[in-house]
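Reader: I am a first-year student, and I should be grateful for a close look at a single part of this protein. Please explain how its pieces are arranged beside one another.

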Amino acid sequence: QALAQQLRGANFGDMPLLLERPHAAARQALRTEGSRRRRLLGLVVLVAGCALAVARAALPSCSFAGGWARASLAARTARSSPLALRGVASEAEIREEVNKLRAREIKHELEALGVNAADAFEKDELADRLVQARLRGDAPVSEEAAAPSPEAAGAAASAAPDLQEPATPAEAADSQEILARCRAMRVTQLRTELGSRGIPWADALEKEELVQRLADVLAQEAAFSNSARLRPGAVGQLTGAELQQELQPSGTPLLLDVYATWCGPCQMMAPHLEAAARSLGPRARVAKLDSDLEPGMATRLRVGGLPTVIVFDRSGKEVARQEGALMEQQLVELAERAGL
C-alpha cells in the first residue's frame, strides 16, 4: 500500500493496476521520463508485482490481489447503482422520519396506503407498520376506495355533538379541574375509566384525545349527579353522606335500593335493578345503599324490611316506596311515579 501511494504520487497508476497487471505497471514506470530515482522505482514495481503474482498463483484461495480489485469494483458499482442514484432511504432513516409524526398522522397515512391498522392502539405498533409499508413501496389506494361510504358519513354526522350554550364561570372552573385531573392519569388509567363506562376509546390514538373524552364524560356525570357518583344507565353505590348530596334539588328523580349483602331477595333483585337503570338511562338516577354499612341513614329513611326501594323526586322529596324484591318493569314503573 505504501508503494501504491508512492506510485500515485509519481503518476505511475493505482493499486489495481499494480496487483492485476504488474508488467504493465513496470513498463509504465520505465517509460516515464524523470530522474534516476523514478527509474529505480519502476524496477521495484516490477519485482513487487512479480512477487505478488507468484504469491497469488501459489495461494489461489487467499487471492488478496483479486480481493482488492473486487472490493474496488464493488465500491464503484455501489456508487453508480440505480438505488444509490435514486436516493433510496434506509430503514433507519425511514423510522426516524416516521417517529417524528403524530400517531393520528401515521394512522391516516396507513389508511391512505390501504394498510389495516384497526387492531393497533399504540404509536409504536402503528410506526412499525408504516415503516414496513414504506420499505415495500406501497402505493396509496384510490380516492374512491379511501372515501367513506355515505352511510358512514351520515353516521359520523349524526354522532357529532350539538352546539351547547357557553358555560358559566363556575362550570368553566369545574371543567378545568376535571381536565387537570384527567391529564394527571396515565393512558392505561384513562382507557380503564372509559371502558368501565362503556365509552369506546380504540380510535383515540393520542393521550389528549383520551383526556378530552373522559373529561366530557365526567362533566356529564357531574351535571347528572350531585355527588358525581352516579352515571346514566348504571347503578351507583352511595354512602350516607353522598346520599344526602343526591337528595338536594337535581334535574332527575332518584331511585334508591336499600339492601344488605346477606339478604337473598336483595341479591335476586340486583340484576333487575341494573336492567332498570339501563332502561331509564339519563331520565333517572339509580343508586343503592348498604344498610349494614350505613345503619344511621337506614334508620333515618325508616327502612323496616329488605330490600326497600324508595323513589325521590327532583326536589329530594319521597314520592314512592316498595318493600320486597321487584322485577325490572316494576322498578321502571315505580320510578315513573316521580314524573320522568
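Author: In this predicted model, valine 309 stands opposite glutamine 322 of strand β5. Residues are numbered from 1 along each chain as its sequence is written, and side-chain values use heavy atoms, without hydrogens or water. Local features need a pLDDT of at least 70, side-chain atom pairs count only at pLDDT 80 or more, and totals for chains, interfaces and linings use all residues.

Valine 309 lies within β4, which spans residues 308-312, while β5 covers 318-323. These two strands (DSSP runs of E, at least two residues, numbered from the N terminus) run antiparallel and are joined by five bridges. Their hairpin has five residues between the strands, and there glycine 316 adopts a positive phi near 90°.

β4 also pairs (at least two DSSP bridges) with β2, residues 254-259, in the antiparallel sense over five bridges. Within this pairing, threonine 308 of β4 is the bridge partner of valine 258.

The wider setting is an open sheet of five strands in the order β1-β3-β2-β4-β5, with mixed pairing. Its edge strands are β5 and β1 (235-237), each of which pairs on one side only. On average, neighbouring strands are turned by 25° against each other, direction ignored.

Helix α18 (a DSSP run of H or I, at least four residues), residues 328-336, packs on this sheet and touches β2, β4 and β5, contact being heavy atoms within 4.5 Å. The direction of α18 makes about 35° with that of β4; such angles, from 0 to 180 degrees, lie between N-to-C directions of lines fitted to C-alpha atoms, for helices over the stretch in contact.
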